[in-house]
Amino acid sequence: MPKIKKLLVANRGEIALRIMRTAQEMGIATVAVFSEADRLSPHVKFADEAVCLGPPPSNQSYLLGEKIIQVCIELGVDAIHPGYGFLSENAAFAKKVSESGLIFVGPSPESIEVMGSKLAAKQAVSKYDIPLVPGTEEAISDIPIAKTRAAEIGYPILIKASAGGGGKGMRIVESESEFEEQMNRAVSEAQSAFGDGAVFIEKFITSPRHIEIQVLGDQHGNTVYLFERECSIQRRHQKVIEEAPSAVVSPAMRKAMGEAAVGVAKACNYYGAGTVEFIVDDKLNFYFLEMNTRLQVEHPVTEMITGKDLVREQILIAEGNPLSFAQEDLKIHGHAVEIRVYAEDPKNNFLPDIGTLVTYRRPQGPGIRVDDGFEEGMEIPIYYDPMIAKLITHGENRQDAIDRMIRAINDYRITGIQTTLDFCRFALEHEAFVSGNFDTKFVENYFRPEKLEPVFSEEEKELLAALAVEFFEKEENRVNPSKPIKSLPSTNWKNRLV
């Protein structure tokens with residue numbers, strides 16, 4: 001397979017920038033695509049070339065697979081990297097990319113299709129010695145039959161959309177009396193969200209942990225696992241804080257989970273970067289949940305503890321190169337923590353808080369990494385996921401990484417919108433997190449919005465906003481000297497920010 005010389009990144013924001021930086025280091029030219037809402041985004045400026053796909057809504061821009069392929073043909077692009085979200089797990093798109101003579105930086109369409117259905121995935125891995133959560137092996141639509149199976153499995157049970165993700169089409173059922181209503185809701189939501197109303201039933205694991213294994217496979221049959229990520233701090237079934245390695249996984253458990261993850265990858269002839277997700281009960285029994293056939297949002301913590309650039313490995317694998325390292329070459333170095341900085345208000349049920357980044361100052365220092373796609377003064381669009389940035393810290397051990405993260409959160413300066421920074425600091429300082437004794441119900445069990453302490457005071461926020469206003473007005477005055485600069489309300493505000 002030929003070497004990639006020009007790569008189009010079919011995504012936006014921080015992940016587009018992150019992919020382009022590695023491509024640039026590899027001597028690969030980059031092409032950005034963007035919607036009208038992202039015209040001034042950093043990823044557009046960074047790329048060697050950029051093409052507008054259309055209006056802000058995703059279905060009129062980032063989801064236009066055929067238009068993206070046409071752009072590649074017109075610009076002489078060799079390969080497409082889909083990032084995560086949007087078209088990254090769209091088997092039909094991956095197939096069209098290959099049929100157009102382009103390289104898809106990801107797995108085969110067949111692997112995406114198998115693992116895109118939770119039922120098909122369970123059937124594929126059943127040939128291997130991989131623990132599965134007790135449940136149905138096929139979609140169920142007949143309510144009386146479903147009730148019978150639920151009773152056999154034992155309540156509480158979980159009704160899940162086969163094509164689902166992000167908590168959509170998922171319902172916990174505590175007793176038979178509420179089964180029919182919850183099943184109808186799950187089917188309706190699954191049909192609306194995914195165009196597929198197929199649902200299945202699983203035993204609901206109480207006090208579960210969400211632990212996943214990063215895998216890499218080449219096109220020559222070699223597959224390795226790059227250890228685990230702990231992803232149990234969630235809201236609305238979506239991750240907010242991740243770390244690697246997990247505080248509760250022993251070397252023996254790590255090896256068992258890693259080998260199971262490799263088995264899952266081999267079950268669908270997987271190549272590229274993928275993540276095998278497991279649910280872990282309070283006795284540390286683990287069960288296969290699903291496989292994400294793409295780069296994960298939280299991949300940086302794995303990069304920090306292994307020293308491997310996962311995007312670089314994806315590109316090399318897509319070019320047809322064999323893995324340059326074996327399982328025994330991989331070692332865990334220290335500990336890494338990642339928080340997702342969302343434009344959300346934790347005090348208002350984590351609802352999105354769209355607005356302008358009046359002040360935006362990144363934390364700095366040893367062991368700190370910020371993956372973002374915004375700059376000061378930019379608007380947070382209403383059309384996409386409200387994640388502003390990923391903040392990652394690395395330390396010699398878990399406590400060092402946590403301490404560094406708390407310092408970095410305190411140094412992060414964002415005004416103009418509410419963010420999840422306050423919540424993340426609360427979680428990192430909580431005894432349950434520090435001890436490692438937590439599960440996916442952390443928010444439900446411990447978080448009380450009224451007790452949330454801000455990263456910095458309202459007075460500091462006002463002063464930071466004033467600083468930003470002064471900066472913008474000075475810039476305006478530089479361009480238009482006739483416009484007067486407004487004076488700030490206090491003469492010693494700079495000293496109070498130190």
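Two strands pair if DSSP finds at least two bridges between them. That rule applies throughout this predicted model.

Start with the sheet around strand 6. Strand 6 (residues 157-161) and strand 7 run antiparallel and are joined by 4 bridges. One position shows the register: Ile-159 has Arg-171 in strand 7 as its bridge partner. The sheet is open, has 3 strands, and follows the order 7-6-8 with antiparallel pairing. Strand 7 (170-173) and strand 8 (199-203) each have a single partner strand, so one side of each is left without a neighbour in the sheet. From one strand to the next, the twist averages 20°. Helix 6 (residues 118-125) lies across strand 6 and strand 8. Its direction is at about 55° to strand 8.

Now turn to the N-terminal part of the chain. Here 5 strands form an open sheet, and the pairing is parallel. The order is 3-2-1-4-5. Strand 3 (49-54) and strand 5 (103-104) stand at the edges; each has a single partner strand, so one side of each lacks a neighbour in the sheet. Strand 2 (residues 29-35) pairs with strand 3 in the parallel sense, over 5 bridges. Within that pairing, Ser-35 stands opposite Gly-54 in strand 3. Helix 1 lies across strand 1 (6-9), strand 2 and strand 4 (79-81). The helix runs at about 170° to strand 1.

Helix 1 also carries charged residues that reach other parts of the chain. Side chains of opposite charge can pair when their charged atoms come close. Lys-390 forms a salt bridge with Glu-14, and the closest N and O atoms are 3.2 Å apart. Lys-390 lies in strand 19 (residues 387-395) and Glu-14 in helix 1 (residues 13-25), so the pair ties together parts that are 376 residues apart in sequence. Lys-390 and Glu-14 are both buried.

Another salt bridge of helix 1 joins Arg-18 to Asp-309, at 2.8 Å from N to O. This pair also links distant parts of the chain, 291 residues apart. Asp-309 sits in the loop between helix 10 (299-306) and helix 11 (310-318). Arg-18 counts as buried because its relative accessibility is 8%, and the cut-off for buried is under 20%.

Where does Arg-361 find its salt-bridge partner? The partner is Glu-376, with the closest N and O atoms 3.3 Å apart. Arg-361 belongs to strand 17 (residues 359-361), and Glu-376 to the loop between strand 18 (368-372) and strand 19. The two residues are 15 apart along the chain. Arg-361 is partly exposed, at 34% relative accessible area. Glu-376 is partly exposed too, at 22%.

The whole structure holds 32 salt bridges. Some are joined in a network: Glu-212, Arg-229, Lys-239, Glu-242, Glu-277, Glu-298 and Arg-340 are linked in this way.

Next comes strand 11 (residues 238-244). How much of strand 11 is covered? Of its 7 residues, 6 are buried. Strand 10 (residues 223-235) pairs with strand 11 in the antiparallel sense over 4 bridges. Arg-235 has Gln-238 in strand 11 as its bridge partner. The two strands form a hairpin with 2 residues between them. In the turn, Arg-236 has a positive phi of about 55°. Strand 11 is also joined to strand 14 (residues 335-342) by 4 bridges, and these strands run antiparallel. There Glu-243 stands opposite Val-337 in strand 14.

The loop between helix 11 and strand 14 contains Gly-320. Gly-320 is partly exposed, with 23% relative accessible area. Its C-alpha atom is separated by 10 Å from that of Gly-272, although the two residues are 48 apart along the chain.

Finish with a helix pair. Helix 4 (residues 91-99) and helix 5 (residues 109-116) pack at an angle of about 180°. Their axes are 8 Å apart. The two helices are therefore roughly antiparallel to each other, since angles over 145 degrees count that way. Ala-91, Ala-94 and Lys-95 in helix 4 meet Pro-109, Ile-112 and Glu-113 in helix 5. The contact has 4 nonpolar residues, no polar ones and 2 charged ones.

Definitions and conventions: Residues are numbered from 1 along each chain as its sequence is written. This is a predicted model: local features need pLDDT of at least 70, side-chain atom pairs count only at pLDDT 80 or more; totals for chains, interfaces and linings use all residues. Side-chain values use heavy atoms; hydrogens and water are left out. Axes are lines fitted to C-alpha atoms, for helices over the stretch in contact, and angles run from 0 to 180 degrees between N-to-C directions. Angles under 35 degrees count as roughly parallel, over 145 as roughly antiparallel, 65 to 115 as roughly perpendicular and the rest as oblique. Contact means heavy atoms within 4.5 Å. Ala, Val, Leu, Ile, Met, Phe, Trp, Tyr, Cys and Pro count as nonpolar, Asp, Glu, Lys and Arg as charged, and the others, Gly among them, as polar. A salt bridge is a side-chain nitrogen of Lys or Arg within 4 Å of a carboxyl oxygen of Asp or Glu. Buried means under 20% relative accessible area, exposed over 50%, partly exposed in between (1.4 Å probe, protein chains only).
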